[in-house]
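Please work through the following exercises with the sequence and the model open side by side. Each one sets a task and then gives a solution in steps.

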Amino acid sequence: MRKSLTLLAFALLCTIATFAQTVLVQGQVTDDRGPVPNATVQEKGTKNITRADELGKFSFKVKQGALVVVTAVGHAPFEFAATTGYQNVKIATLAGELEEVFVTSAFGVKKSQRTTPFSSQVINSDQLNVIRQPNLNNALAGKVAGVQFRGQSSAKLNDQGFLRIRGGGSLTDGDGAIYVVDGTITNSFDINPDDIADITVLKGANATALFGSRAGNGAIVVTTRKGKSGKGIGVEVNQSTTFDKAAFMPNYQNEYGGGDGGWLTFTYNPTMPAEWQALNGKRYRDFTDDASWGPKIDGSEYIPWYSFIPGHSRSGKTASFTPQPNNARDFWNTGVTANTNVSFSQSNGAGQSLRVSYTNQNIKGMLPNSKSLRHTLNTSFSMDLGSIFTIGANLNYTNQTINGDFNDGYSNFSSGNFSQWFHRDLDINILKELSSIRTPIGTIPSWNFRRNPGSWSAAAPQNSVWSGNYWYNPFTYFENIDLKQRRDRLYGDVNLTVKFSKNLKFKGSIRKDQFNRNVENITPNILQTSGSQTGLLAAYSTLNRINSEWNFEGILSYNNTFGDFVVAANLGANRLDIRQREVAMNTNNGLNVPGLYAIANSKTTPGISNVKSDQQANSLFAFGDVEFRKYLSLTWAIRNDWFSTLPKANNSLVSPSVGGAFVFSEFTKTALPWLNFGKAFASWGKKPKNLNPYALNLNYSVNPLLWGTNFLMGTPDGSPDANLRGALTTTWEAGLDLRFAKNKVRMNLTYYNENNRDEPLAVSVSGISGFTSQTINAAWVSRSGLELELGVDLMKKKDFNWTVNTTVAYLLDNKVRALAPGLTSYTLAGGSFGTRFARAFHFVGEQWGMLRGGGIKRNADGQPLITTNGFSGGLGWYQADATKDWGSVVPKLTGGLQNFFSYKNFNVGLTFDYQFGGRFFSLSEQWGTFSGLLDKTAGLNDKGNPIRDAVSAGGGVRVTGVDASDGRTPVDIYVDAYDYFHQFYYQQIAEPFVHKLSYAKLRELSIGYSIPTNKLGKFGKSIQGASIALTGRNLFFIFRDSKNFDPSEISGVQGEDGQMPGARTIGFNVKVSF
Amino acid sequence: MKSMNIKKAVLSLGVCATLMVGCSKGINEFGDINRNPNATTVPITSALLTNVLAGIGGNVWGNGINTTAGLYAQYMSETQYTDISRYATQTLNWDGFYAGAMYDLQNIINTNSDPATAAAAAEFGANANQIAIARILKAYYFSVLTDAWGDIPYSQALKGNGTIPYDKQETIYPALIAELKAANAQFTTGAAVQGDIMYAGNTTKWKKFANSLIATLSLRMSKANPTLGRAEFAAAVAGGVIEANADNATIAYPGGNYQNPVYAYYVVTQRFDYAVSSTVTDKLTALGDPRIGTFGNNSKGFPYGLTRADALAWQTTNPSFAFIFGYTATPQTMPLSLISAGQMFLARAEAAKLGWTTENATTMYNNGVTAEMNRWGITNAGAISAYLAQPSVALTGTAADNAKIGEQRWLSHYPDGLQGWSEWRRTGFPALTPAPGAGKAIPRRIPYGPNEPLYNPTNYAAAAALYNTNSQDAKMWWDK
């Protein structure tokens, strides 16, 4: 291989010709929007042609005095007389003509969408930043065909959601698309939307194979903004402030208070605190149980929790038992996000351009005491050194500190409290007011006493009223818990381009992605001493992780025109080095010295872990295209990777791809004059799948916690296959790209079909084998679907413009065709209590990610079978059906609709997004039902009586069905509400809590006004542009299937365990350029 | 032409440099980079053994099947969420046993048997002795699993294949006895086994443990296969079972990160879902049994099987009740025994009473109760004699003795719920009343967990069909 490459390089060298009596013409082609890549630059009347590069730059030699013609699609031709020196070629766009869109693919290669043989949607920064979203993923929601965005609550400052492209591609769901910024693979978390010029979304293997093995689930290719020439000094300031308010809350009942039973009477005795004497004979409802099956909220006098805590203004006083409908909502702060970006951008017209930008994003979170501060530095420059060399760099640095406890799992201390285990009667304002009080023994008082006051023991007050049973005052918890992480990421590249001739150049890039993460978590002693079953011990833990990635990449590019053929060919090599190091330590079993948060203060031997991981890959690749007369093009690529992580004897994977595009509108100009552009395209390709490091062996690690002098070691539960190998995923796709009515209607329709076979992955096996998972090459997942992008200029007038862009994707089929031999199911995901309710599985022959769990058994007519009420006997409970299938967790239909209106200086942007189909299980709803918190656990039955009243008194939940014993005899009875709503946990029935993921919502709204700077007088002269905008995010649902939990922000693959509320965000934005 | 030279030089350098990066070692060669620096690929058999023994106490108290069985045996009561003690169906997978401790033991056997690794493994004790210990412990684990679930994968288990048939309990029992006998016969005088935190490599004690296990399994067949049970029981006793508390199969926790599981539950996990059941304290009180001071932190047991509302109401008026051992004051170094001398004497008493042996039932019974008292720190011989002399305790040579032996056996296994529940299922002693108002009988087995129908569906279906579609009320082979 080495030898043949050297020969090829030599052959290319020989093509370099020399010229006499020539003049070197060098310059850059731009239009109103910036550089025009790939423009054809020709010495008029000759075959001496070159092509501008991705920055519009060109240099070639022409005869002295010759004319040079610059042509680009959608632009008027431009001619100039060749003179030595730098030419700024500004070409004019043609009104009504097709705007040429450039797709960015691997290695920053720009390719006209006219010739791309695969689906490649490009989102420009206007479409992306309708409103300034806190992160890139949010900004993409609803804008890309075939992308399902599983967002996360605004309260979670440490999470950016998950993008799923084209349904489930692999059996696992952990890896989403890769993010490639100016050619460097990095993480979405550290991409600043303010620095983005455009985004190309690449999906199938034919589009992503050149990115290597990590792009298996698609690639989000980001081009950052570059320096460009313009009026003024080139400084732009962009400031936005937005406010998040908890908006989409579960529907709670407000009729019954806390506890699991009726009123209790307080009897004072002299061993009790004197403050309690005034409460003698008054009543209270149970404090120890954390459900709301207590007494009716009737406004009567009762003793609230805080009355038993001495030393504050409400001690020893009774209160009225009144509804608190907004207590959970009012817990959440109004989040405030201030985002300021200052950038400087300049191009000197002599091949030198520079952009620097600084962004400060400061978030005060919705959760008490949560915050995030992020600084982003970004710079890119490109500089021509004479006509041969160009150097450039793109560098990004982000530093972010995030504070807060964002746990949204089962029984977490925020949403998991209010929606799963709570007292509906609690006054949240008093909890807030009293968050800093302490009991006489110094603990945090809770609304959830360990024991009721009747069990008071002066000798052990911590065993009674003065400690929390399962819960703290939520405000006090968040004021005290101290979880911090600090992230630093540096990524980017430096590059050198050498132009050997007008046809041949070499570009070498060194790319770096360095990520350092530091975590420091403190659970303070007071949380340990204040709780009895809260499970928290005083603790300190810290973690330092360093991920370092180097890419060394070189590409030789050749471009030429042979008659009607335009040929581009590239040959390259890449070396990838990934090094990860992590050291983590934690205290065990509490702390010796209270309040000293250090590893050395661990009560027992501290836990330590030290993880090292290295991997490398070498790659050779070649790619190129041939274009014939601007209507026929062939695109091809081949990449060969050698991976350190694969077996030595079998570590090479070859991924080829090929595609073609035919612009048939060139032949239909007379027959179909309304068709401005028509392209048919088709392509096929394979992409490689790699293994993780060290996956080939059973790795025995040593437990650092010794038993006396004995050390411990366990056999890993995952068994590798000695014959593991890499795999290739094959995609083919075909489509049409059409523009009508003077390009006012633009559509792209794509069909894709992908087969992912023999991917090396761990499948679950029964533990009876000795292992719980086995890594093998056996699975086969296929998917196919349709994607439509449609853009329409509904109105294009001088003062009024209205453009609509819509994307729709329909997943035709997403089947799991094979698992390991003998295996018919694979567990994809399950939350807490997963085995008890519903989990997501892959079943051979069925759609990807089927939600299966406990359903209600029905007879052939669909009537539920009614069996014995497990609490009281007699008929009453549904019969469970342990293996009910509800369907796939992936929505069938996803899409969005973007509207842009402009009227004079006003502009409005509106983004809707929607999805239909897909299922999820809500664990919060299950516990909210079990605990009597949600609205359906109260209210009236069809007799008009409260369902919580005794059945004998006309209450109860009406249950109809058939007797399970014969499956026929009709049953129509009323069941005690407590028994009815507890049956789902006891019988492992998930069915009432399974919902569709379907929703449609108004995701973004922006109303902007461009201030006419020419009317600002003297001051306005230095201002090039100014605009203000009012923005809104997640404003409302047009509809949603699930009323309690936001289906657009489901926290897990199978559903949610303790999801935080969706927030509505309102704000404003000011942008000024100088 | 000077610039051309530069171009040529740069081009050559550029291309070569790029390729060299990838090709300096050959483009497909990465040396040892994929050798895991965090772990070894060679198992250390002594460390595997320590790992198994460090977790084995969960079978006495704390793992899922054990706490569930402890509630069925009415050793414990749930204090608030009373679903298991009111017989809501449990979903317990066994994968953690098979893929955890049991495969570690299989790994010890494999590593010491494979000629390629045996010599290196011998550094941690004679190969034969390591294998024998691993076989004994593996048999112990299989006995725990079959007593919980019934028919389970045995003969083809732990061999890397997860889609294998279940073995019938009636074949597993004799196979386990044969396995234990073979293991005992395998011990040599070679180097002591390392990592043995139970018996410090003492092969005599391991043999007694194996014989005791044989005796226990044999007696459990008293109704299902008394012929075999009788023969094997007698042989095991003749071979030498545990007769002194010093020989008990005991895990002595060092404290620190390895604590008594009861301590860990109350102090580290900080839950108090499980209290001592009033069934236990009532019985101890009725017998005037001094163990009441050690089984719980006070003598008032929590009523068994109440509804959640009733349990809360009871707590409010009875703030002080008994938690297991010393509750949060349980020493973290408190040892736990898998099998004790007293338990074996009491088993021998029952066997004698059954006529399986010629031993004196009363002697065995008195020895058993005495050894148990001693194990719980009650050493006053006079007090023990007085206790034994009570009409409610003393054997009289009548049929009433069966219940007394049964009660003492039930007490001797506290808090090992699986043993207590198994004895109750087999003998019906002590007489237990199901949870009041639950409308259900005490379960007879743990249903197969949800993983089996997913990963081993055909074999699961065949096994589940034999237990009335995996019912918790279906009886297993020895439960007649």
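Two strands are taken to pair if DSSP finds at least two bridges between them, and the elements themselves are DSSP runs, helices being H or I with at least four residues and strands E with at least two, numbered from the N terminus. This is a predicted model, in which local features need pLDDT of at least 70, side-chain atom pairs count only at pLDDT 80 or more, and totals for chains, interfaces and linings use all residues. Residues are numbered from 1 along each chain as its sequence is written, chains are lettered from A and ligands numbered from 1 in the order in which they are written, and side-chain values use heavy atoms, with hydrogens and water left out.

**Exercise 1. Trace the pairing of β33(A) with β32(A) and β34(A), and find the residue with a positive phi in the hairpin of β33(A) and β34(A).**

Step 1: β32 (residues 565-591) and β33 (residues 602-628) of chain A are antiparallel and share 24 bridges; within this pairing, D577(A) has Q616(A) as its bridge partner.
Step 2: β33(A) is also joined, again in the antiparallel sense, to β34 (residues 632-643) of chain A by 12 bridges, and here A622(A) is partnered by I638(A).
Step 3: The hairpin of β33(A) and β34(A) has 3 residues between the strands, and R629(A) is the residue with a positive phi, near 45°.

**Exercise 2. Give the strand order of the open sheet that contains β48 of chain A, and place α11(A) on it.**

Step 1: The order of the 4 strands is β48-β47-β53-β54 in chain A, and the pairing is mixed.
Step 2: β48 (875-878) and β54 (970-975) are the edge strands, each pairing on one side only, and the twist from one strand to the next averages 55°.
Step 3: β47 (residues 865-868) runs antiparallel to β48(A) and is joined to it by 3 bridges, with T868(A) opposite L875(A).
Step 4: α11(A) lies across β48, β53 (957-963) and β54 of chain A, at about 35° to β48(A).

**Exercise 3. Describe how α10(A) and α11(A) cross, and which residues meet.**

Step 1: The axes of α10 (residues 923-930) and α11 (residues 977-986) of chain A come within 8 Å and cross at roughly 140°; axes are lines fitted to C-alpha atoms, for helices over the stretch in contact, and angles run from 0 to 180 degrees between N-to-C directions.
Step 2: The two helices are therefore oblique to each other, given that angles under 35 degrees count as roughly parallel, over 145 as roughly antiparallel, 65 to 115 as roughly perpendicular and the rest as oblique.
Step 3: With contact meaning heavy atoms within 4.5 Å, Q926(A), W927(A), T929(A) and F930(A) of α10(A) meet F981(A), H982(A), F984(A), Y985(A) and Y986(A) of α11(A).

**Exercise 4. Classify the ring pair of F287(A) and F308(A).**

Step 1: Rings of Phe, Tyr and Trp (its six-membered ring) pair if their centres lie within 6.5 Å, and planes under 30 degrees apart count as stacked, over 60 as edge-to-face and the rest as tilted; 114 aromatic pairs occur over all chains.
Step 2: The ring centres of F287(A) and F308(A) are 5.8 Å apart and their planes stand at 85°, so the pair is edge-to-face.
Step 3: The pair links distant parts of the chain, 21 residues apart, with F287(A) in the loop between β21 (283-285) and β22 (292-293) of chain A and F308(A) in the loop between β23 (301-302) and β24 (319-320) of chain A.
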